[in-house]
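Student: I have a model open on my screen and would like to learn how to read its side chains. Could you walk me through it?

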Amino acid sequence: FLMDALPAKTRRVLSGAAWLIVAALYATLSWATFQMLEIVHDEKSPILQIPGSITYACVMGGMLMLAILAIQSAHESWRMQVSEAEKMTHQTPAAHW
């Protein structure tokens with residue numbers, strides 16, 4: 001509800017900044033996972049006997065895709081016109097009785 005109190009342009013900028021922060025955090029997690037790949041390569045999964053680096057690489061890939069989606073969301077929120085942002089304000093629905 002705090003975002004609804006802000007002007008549309010400010011809301012757009014804050015939304016874009018928030019998405020960029022999310023993207024940076026996912027990128028940081030991806031980098032940390034990448035640095036652990038060599039360490040966990042020696043571990044084998046109990047049933048499939050595949051190296052642990054494969055599962056970590058899958059997690060890293062997922063976090064990279066989430067970072068890309070967050071960047072895309074930041075781009076979309078930044079490109080949103082002020083009139084579109086004003087339409088997104090949540091209006092309290094009227095009673096139906």
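Tutor: Gladly; this is a predicted model, and we will go through two arginines, an aromatic count and a surface patch.

Student: Let me start with Arg12. Is Arg12 buried or exposed?

Tutor: Burial is judged by relative accessible area, and buried means under 20%. Arg12 has 16% relative accessibility, so Arg12 counts as buried. You will find Arg12 in helix α1, which spans residues 8–40.

Student: Over the face of which residue does Arg12 lie?

Tutor: That residue is Trp78, and Arg12 is 5.0 Å from the ring centre. The side chain of Arg12 also comes to 3.3 Å from the backbone oxygen of Trp78.

Student: And Arg11, which backbone oxygen does its side chain reach?

Tutor: The side chain of Arg11 reaches the backbone oxygen of Leu6, at 3.1 Å. Arg11 also belongs to helix α1, and with a relative accessible area of 12% Arg11 is buried.

Student: Now the aromatic rings. How many aromatic pairs are there?

Tutor: A pair of aromatic rings is described by the distance of the centres and the angle of the planes. Here the count is one aromatic pair.

Student: Which residues form the nonpolar patch on the surface?

Tutor: Look for Met36, Ile39 and Tyr56, which together offer about 280 Å² of accessible area. Tyr56 sits in helix α2, residues 52–79.

Student: Why can Tyr56 be part of a patch?

Tutor: A patch takes residues with over 30% relative accessible area and no salt bridge. Tyr56 has 31%, so it passes that area cut-off, and it is classed as partly exposed.

How values were computed
Residues numbered from 1 in each chain as written. Predicted model: local features only at pLDDT ≥ 70, side-chain atom pairs only at ≥ 80, totals over all residues. Heavy atoms only, no water. Patch = residues over 30% accessible without salt bridge, like charges linked within 9 Å, V, L, I, M, F, W, Y side chains within 5 Å. Areas by Shrake-Rupley, 256 points an atom, 1.4 Å probe, with all protein chains shown as cover. Salt bridge = Lys/Arg side-chain N within 4 Å of Asp/Glu carboxyl O. Helix = DSSP H or I, 4+ residues; strand = E, 2+ residues; numbered from the N terminus. Buried < 20%, exposed > 50% of the residue type's maximum accessible area, 1.4 Å probe, protein only. Phe/Tyr/Trp six-rings, centres within 6.5 Å; stacked < 30°, edge-to-face > 60°. Lys NZ or Arg CZ within 6 Å of the ring centre and 35° of its normal. Polar contact = N/O pair within 3.5 Å; in protein donor to acceptor, adjacent residues only side chain to side chain.
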